[in-house]
Amino acid sequence: MTQQRNSFFGLGFGIERLGLLPLRRPVLAGLILLLVSLAALVGSFRLSVDDSLSELFRTDTEEFRRYERISELFPSSEFDVLVVAEGKTLLDRASIVALQSAVLELNLVEGVRGVVSFFSAREQLDEAGYAPPLFTDEIPEGQAYDRLIVRLRENQIVAGKMLSDDGRLSLIVMALDREAASQAGLGSVIGEIRTVLSDNLTGTGITTRLTGAPVMQLEIRNAVNRDRLLYNGLGFLLGALIALIFFRRFSLMLIAAAGPAAAIVWSLGTLALLDFRLNLFVNVIIPLITVNGFSDSMHLVFNIRRDVMMGVAPKEAARNAVHRVAPACFLTALTAAIALASFIFAESALIRTFGAAATIAVLLSYFAVVWVVPTLAALLLRETPAKTGAEVPHDGGMTLLSDMSVRLFDHVGRWATSYLLAGIVMVMATGWTYGLLEPHYRLADQVPDREQALEATGRLDEKLTGANPVHMVIELPKGVPLYSERSLDLIAAVHRIVEEQAGVGNVWSIETLRRWLRQSGKPGADTLKEYVEILPEHLTQRFVAPSQEAVVVTGRLPDIDASEILPVVDGLDAALEPLRAANPGYLLYVTGLPAIAARNSAQMIWELNVGLIADIFVVIIFIGLAFRSWFAGIVSILPSLFPIFATGAMLYVTGAGFHFASIIALTVAFGLALDSTIHFINRFHLEEISPDGHQRTTRETLAHTARMIGPVLVLTTVVLALGLGVTILSDMPSLREFGQLSGATLIAALFAQLIILPASIVVFRRLFGAQPAPSSVQKPTSS
């Protein structure tokens, strides 16, 4: 066999030699592989799902601590199941009878603390101070029923809050007990609620949909588990199928697929051991590991396959592949880890968790592949007679891709200056457009949009001004009674501010009850206190803390973009300023998930974007240092920037803007795109010296590089795009966006690697000449 120039010494920092260990004792290595994989597989079943809606905005700030305090002060807040009952016959007597029966049964569901609906409404106080219920056990008929409905629609506690103006939509609010719901299982509680509604309302023409934080959390949990098993498995199978089609041997496909499979199992087992939890971003790690593992595996198997078909013993072929390709594989894993590790410094706890988990997984993926592929190659492949007549065996698809790559690189080499100038113009144009992108965030981005919750939320947005609570909290000075005139007047002033704020509706507080009592001729604070004490606990704890140290005025906002909510939140906060000045000692602030998202999402997205651009330049410098070549760093600039800027330009043209998922997708795809760039540069350096030891010209080197790397670039891009692209089938909008943007970025990266990168190499070689090989290049070895 002819001599082959090896990779640069230090490119893999010697860590690639780990792949040589299993070749000494392949059977023992195989047993170790099996035992480790089984242990990791068992451990992976311990992974749980983090379905929190607020985790994305969890930061070590006073603002978030205040938001968390809401759950402590008002136990009935932030954990409501909202039932949206709707139908043209909603106020018909038969529908009311069925709905009343359903509400009564909902009170008996395990985990439900209490139910609030228009059946909770009461008449005006009588002379004895008693407020009879609006609805009795026996629903009247005829004109008496008609008068009842008139009183219902005129009731100030019901109208516009529990019943839409057109009388076709009703809101039922169920307060869940967190501990009881946890013990019974949230899925079981929600399932029983749905059963009760179905049993009582089937055939009435009334449809019901569930929403609220518990329902959204359950839908997120179900979607994450479904995506993990179904779509990620589909992506893996597609990658294996492509490997089988082009390698044309089951054993090679098995070797190519076993590396990523082990990487997935090892990574999930490790994450479980370290007590990570799956969430909408961490769930991306599985397709990320799949495509990252397939990329490295394909490069290794392609080299092993080529040597085996030329008569090299499988064990020696695996050893050659480790020497030639594994250093570049480690460098790609390291650069991807650097890009992903930037998320560890994000403010968001959710994104920090993703950054740490993804960094660990990418590095583990390398070690899994570099151990598995050589081991299985030594165990499964058999030595075959050398094929003669061509340097590369001709076998269908791979030969076609090789020939096409050679012709393309030859064409690019002839017109290198034109292609490079065009590449510079495209990078500048798309970069300018990228800079025009604006951040966007909606709660709907985190929740499955093919389930009930978002559909129900949409109906509330349209009919009752919204479902997302924004809270104006009033914490009283120590020792100041809640029912003092000053405190009650301050609550009334805050209540008016929220009512008058455009965009906020369905406002509730203790002032709502106070107004009702005033209308009944009982305006005194003592009467108010008396009624608060006799009301059900789950109801009073919506607006009065059990300790009476704080009260809350709650309004509802529609699920719109955070940029539209921010003026509303800022308006509320500004309106509180005069009250703060006039009432020293009282603590007044605006909180709630919509408020936190509005204030922080844009800044967080922008900081992540700046971090991504900084990562690109850090990684480019790192590539130059790793190759010990300024040439390698310079020629990787345009191919690294173009995919990111091109995808950003697509976002701008489509009006999508920047989302959290956009930044995650671009960062992940950038790391994967660098994989091919590094392998290209590594192969180019390997091919600069011919087998007989003479220096090849740039065009000759490109031709040999094209034959060796072209098919793998195309195949890995297809595998990567399909592996990540299957997430477009997800019910989660953020994961679908991740899949779409990842696919677009990888296609743009392939264009950059096949056109812009070779053009850059030719032009810079023409301008500056061939760089002498570093003295640290390993001496050639015979294979």
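**Entry: strands β5 and β8**

I began with a strand pair. Strand β5, residues 468-475, is joined to β8 by five bridges, and the two run antiparallel. The model I am reading is a predicted one. I picked out one bridge: His-471 has Thr-591 as its partner in β8. Next I asked how covered β8 is. Strand β8 spans residues 587-591, and four of its five residues are buried, so the rest of the structure largely encloses it.

**Entry: the whole protein**

I then stepped back to look at the chain as a whole. I counted 27 helices and eight strands in the secondary structure. The C-alpha atoms fill a box of roughly 110 × 50 × 45 Å along the principal axes. Of the 783 residues, 60% are buried. I also checked how far apart in sequence the contacting residues lie. Taking contacts between residues at least 6 apart, I found that 83% join residues at least 24 apart.

**Entry: helix α18**

How many of the ten residues of α18 are buried? I found seven, which leaves this helix, residues 510-519, mostly covered. The buried ones are Ile-510, Glu-511, Thr-512, Leu-513, Arg-514, Trp-516 and Leu-517. I looked for what they pack against. The partners are α17 (485-500), β6 (505-508) and α19 (525-534).

I checked both ends of α18. At the N-terminal end, Ser-509 acts as a cap. A side-chain oxygen of Ser-509 lies 3.0 Å from the backbone nitrogen of Glu-511. Just after the helix, Gly-521 has a positive phi of about 85°.

**Entry: two positive phi values outside glycine**

Gly-521 made me look for positive phi in other residue types. Asn-506 is one case, with phi near 50°. Asn-506 sits in strand β6, an element that the buried residues of α18 pack against. Is Asn-506 buried or exposed? Its relative accessibility is 9%, so I noted it as buried; the cut-off is under 20%.

Asp-275 is another case, with phi near 65°. I found Asp-275 in the loop between α9 (250-273) and α10. Asp-275 has 62% relative accessibility, and it therefore counts as exposed, the cut-off being over 50%.

**Entry: Thr-457**

I turned to a single threonine. Thr-457 belongs to helix α16, residues 452-463. Its relative accessibility is 2%, so Thr-457 counts as buried. What does the side chain of Thr-457 reach? One polar contact goes to the side chain of Thr-211, at 2.8 Å. The side chain of Thr-457 also reaches the backbone oxygen of Ala-453, at 2.9 Å. I then set aside neighbours within four places in sequence. That left Thr-457 in contact with Thr-211, Met-216, Ala-467 and Asp-559. Thr-211 thus turns up both as a polar partner and in this contact list.

**Entry: the largest cavity**

I searched for enclosed space next. The structure has nine cavities of 30 Å³ or more. The largest holds about 90 Å³. Which residues line the largest cavity? I listed His-299, Phe-302, Asn-303, Arg-324, Val-325, His-679, Asn-682, Arg-683, Leu-686, Met-708, Ile-709 and Val-712. Three elements each give two or more residues to this lining: α10 (285-309), α25 (660-687) and α26 (698-725). Helix α25 gives the most, with four residues. By class, I noted six nonpolar, four polar and two charged residues in the lining.

**Entry: the second largest cavity**

The second largest cavity holds about 70 Å³. Eleven residues line this cavity, and the closest to its centre are Phe-281, Asp-445, Phe-660, Ala-661 and Ser-734. Which elements each supply at least two lining residues here? I found α25 and α27 (733-768). By class, the lining splits into six nonpolar, three polar and two charged residues.

I closed the page with a cross-check on α25. Helix α25 contributes four residues to the lining of the largest cavity and at least two to that of the second largest.

Terms used
Residues are numbered from 1 along each chain as its sequence is written. This is a predicted model: local features need pLDDT of at least 70, side-chain atom pairs count only at pLDDT 80 or more; totals for chains, interfaces and linings use all residues. Side-chain values use heavy atoms; hydrogens and water are left out. On a 1 Å grid over the protein atoms alone, a cavity is a set of points where a 1.4 Å probe fits but cannot get out, and a pocket is an open set with protein on both sides within 12 Å along at least five of seven lines; lining residues have an atom within 4 Å of a point. Grid points are joined across faces, edges and corners, and a volume is the space filled by probe spheres set on the points. Ala, Val, Leu, Ile, Met, Phe, Trp, Tyr, Cys and Pro count as nonpolar, Asp, Glu, Lys and Arg as charged, and the others, Gly among them, as polar. Buried means under 20% relative accessible area, exposed over 50%, partly exposed in between (1.4 Å probe, protein chains only). A polar contact is a pair of N or O atoms within 3.5 Å; within protein, one must be able to donate a hydrogen and the other to accept it, and residues adjacent in sequence count only if both atoms are side-chain atoms. Contact means heavy atoms within 4.5 Å. Two strands pair if DSSP finds at least two bridges between them.
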